[in-house]
Amino acid sequence: MLTETRRKGAALDKALLSKAWELMTTARAMSDLYEEKSQITQKYVHATSRGHEAVQLALGLQLRPQDFLSAYYRDDSILLGIGLQPYELMLQLLAKRDDPFSGGRTYYCHPSLRRDDMPKIPHQSSATGMQAIPTTGIALGVHYREMTGMDPVSKEENPVVVCSLGDGSVTEGEVAEAFQMAVLKQLPILYFIQDNEWDISANAKEIRAMDANEYAKGFPGMEVRSIDGTDFRQSFETVQEVLALIRKERRPFMIHAKVPLLGHHTSGVRREWYRHDLDEHAKRDPLPRFHSFLLSEGFTVKELDTIRDRSNVLVRADFEKAMKAEDPRPEDLYTYDYAPTPVTEEKGEREPSGKERTVMVDCALFAVQELMSKHPECLLYGQDVGGRLGGVFREAATLAQKFGDERVFNTPIQEAFIIGSTVGMSAAGLKPIVEVQFADYIWPGLNQLFTEVSRSYYLSNGKWPVSCIIRVPIGAYGSGGPYHSSSVESVLTNIRGIKIAYPSTGADLKGLMKAAYYDPNPVVILEHKGLYWSKIKGTEEARTIEPDEQYIVPFGKARIVQRAEPGKNSSLAIITYGMGVYWARNASRELADRVEILDLRTLAPLDEAAIYAAARKHGRVLVVTEEPVNNSFAQSIAGRISENCFESLDAPVQVIGSKDLPAIPLNSTLEAEMVPNTQKVAEAIDRLLRY
């Protein structure tokens, strides 16, 4: 009956009202039991929908399998409404091995679901408001598929994307980025706001100048409905109307529902510690209100009590069953760190005959062009990549003209949205290639990269890998100054769950771009802007013959740029990447037979086998980086070599990089003093060979 209701959009008949009462009493029985069993349930922090049940069920009962849902941490009534059982939710409450969402890895009511008969729920994090961007990314993906003809359009069966938010989270800046894109692109999304007037211990009057419905007025094109979320009938009918409009008209809406907070903020922040308004909120409890409404609709007290009793019995039985369920095993910790990639070996022709050398930036351009020609699910967006400019380095030149403004488009200045939206795009079955204009501007996007992008596959227990490419021009070149010259790889390599490429030639950039596309994991490609055009003396080898369309370079495989053999004189290995390859190459020209150069090509995964082989072969190692040395990725490589190759070393591992200062100055003399160069690397080579 429930599936039929979702398909047709039923009225409030007796069967539906009975179901709603059953689920509301089930949700209340769960929250009561969790409190009763607090010595057990408080082991892992949780929150419940107590006080929010009516409006949540009004939504959950009307979502369809083709829809997408982003729930937040007190939305267990929505989950019951879409068909999940108390037992399944309790497996997550108790962090059990068979928790259907995360396998015991994350908190109660942090769902991730991929079932054919229920709405799809990509990974949900704990960071309040952060779900707005990934979920809006889903809506952008749905919009793209419809605009490009990938999906049929039907006025009654079109999918709707729902983003559930607490009103307090709407003050987050990233929520504004999501709203901006939703109205700019007119996306089929419902922002479902539950306003209980509390943000942990801070009351609404302390922390916001307006409610979400008032805030939404600043985003023309988003229609708003404000309702009493304790009134099931009003909630159901409003949700029904809004969902039907979104399915038909494909535009964003907000439902702002006032609800009481009857439970604790979470089990770790208890209501009695800070609440002064519990009696007032209790007067707005949706459960007795719904009970009275049902009596007026012809139900008897006995009928309702029978349903409530049945709910209580089910909840207690499911809890006992969940208590006996198996805990995760230690070996379960290691599953789903990365989705398996089909790219495991180098393929294709790296240097086809009859071609001239091509600058690095064009190798990337041709790689993206080939991918977009072959794969309709591939699209490109970011700041200034559209038809007028094609990227500030012309790295996307001509793509908008060839593939249209729906596939290659500019975004607002929103690094968080650019990065975080890839989660939703991927969930919608697309493969986004996005660009952050300079590495210096990746910082606003790190929240999304760390919180949402990198953890989705692991915390969804393998259900929702994020398949995307994030292109980031990086490095010092041409007096770019303190906000266009930074190196950020040490920060990125500390974000587990992403892959990182840092090619030094056009051939490797093209091959790694192809590998990144076919890899189901999120990939960041760091592209040194000083190598794009080979305008710096000594970087001519960054120009390469453009590989053929089938060429692909697997991640985690370093390249020997210059090979040397140990002899009667001391020799050394240089471990480097990016611009460091050319400093090392130029600095060792007169010592090429004594200096081996290893270009890492990818920083995560890292080719440790090649690093250790080079260290053991030569006994002396110099690590060259453009970053400041202290606490850097390069220093961590040196530490690994010392730990794993100690008995083979003839000298301490050395690291050379930029000076340890807060930023790269604009003045060219100061930039040259700060950043490594050929001469500095040559001096380091000489010292190490003479050690």
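Author: A residue is called buried when its relative accessible area is under 20%, exposed when the value is over 50%, and partly exposed in between, as computed with a 1.4 Å probe on protein chains only. The structure is a predicted model, in which local features need pLDDT of at least 70 and side-chain atom pairs count only at pLDDT 80 or more, while totals for chains, interfaces and linings use all residues. Residues are numbered from 1 along each chain as its sequence is written, and side-chain values use heavy atoms, with hydrogens and water left out.

Reader: Why is Arg-97 called partly exposed?

Author: Arg-97 has a relative accessible area of 26%, which falls between the limits for buried and exposed and therefore counts as partly exposed.

Reader: What makes Arg-97 and Asp-332 a salt bridge?

Author: A salt bridge is a side-chain nitrogen of Lys or Arg within 4 Å of a carboxyl oxygen of Asp or Glu. The closest N and O atoms of Asp-332 and Arg-97 are 2.6 Å apart, so the pair meets this rule. The two residues belong to distant parts of the chain, 235 residues apart, with Asp-332 in the loop between α14 (301-324) and β8 (357-358) and Arg-97 in the loop between α6 (86-93) and α7 (132-147); these labels stand for DSSP runs numbered from the N terminus, with helices (H or I) of at least four residues and strands (E) of at least two. Asp-332 has a relative accessible area of 17% and is therefore buried.

Reader: How do you know that Asp-32 and Arg-50 form a salt bridge, and how many salt bridges are there by this rule?

Author: The closest N and O atoms of Asp-32 and Arg-50 are 2.5 Å apart, which is within the limit, so this pair qualifies too. Asp-32 lies in helix α2 (residues 14-36) and Arg-50 in the loop between α3 (38-41) and α4 (53-60), so the pair ties together parts that are 18 residues apart in sequence. The count by this rule comes to 47 salt bridges.

Reader: Why is Asp-211 called buried, and which residues share a salt-bridge network with Asp-211?

Author: Its relative accessibility is 19%, so Asp-211 counts as buried by the definition. Salt bridges that share partners join Asp-211 with Asp-167, Asp-195, Glu-197, Arg-208 and Lys-258 into one network.

Reader: What makes Phe-179 and Tyr-215 a tilted pair, and how many aromatic pairs are there?

Author: Rings of Phe, Tyr and Trp (its six-membered ring) pair if their centres lie within 6.5 Å, and planes under 30 degrees apart count as stacked, over 60 as edge-to-face and the rest as tilted. By this rule there are 17 aromatic pairs. The centres of the Phe-179 and Tyr-215 rings are 6.3 Å apart and their planes stand at 45°, so this is a tilted pair. Phe-179 lies in helix α8 (residues 173-185) and Tyr-215 in helix α10, so the pair ties together parts that are 36 residues apart in sequence. Phe-179 is buried at 0% relative accessibility, whereas Tyr-215 is partly exposed at 25%.

Reader: Why is the pair of Phe-232 and Phe-290 called tilted?

Author: Their ring centres are 4.8 Å apart and their planes stand at 45°, so the pair is tilted. Both Phe-232 and Phe-290 are buried, and they form one aromatic cluster with Trp-21, Phe-236 and Phe-293.
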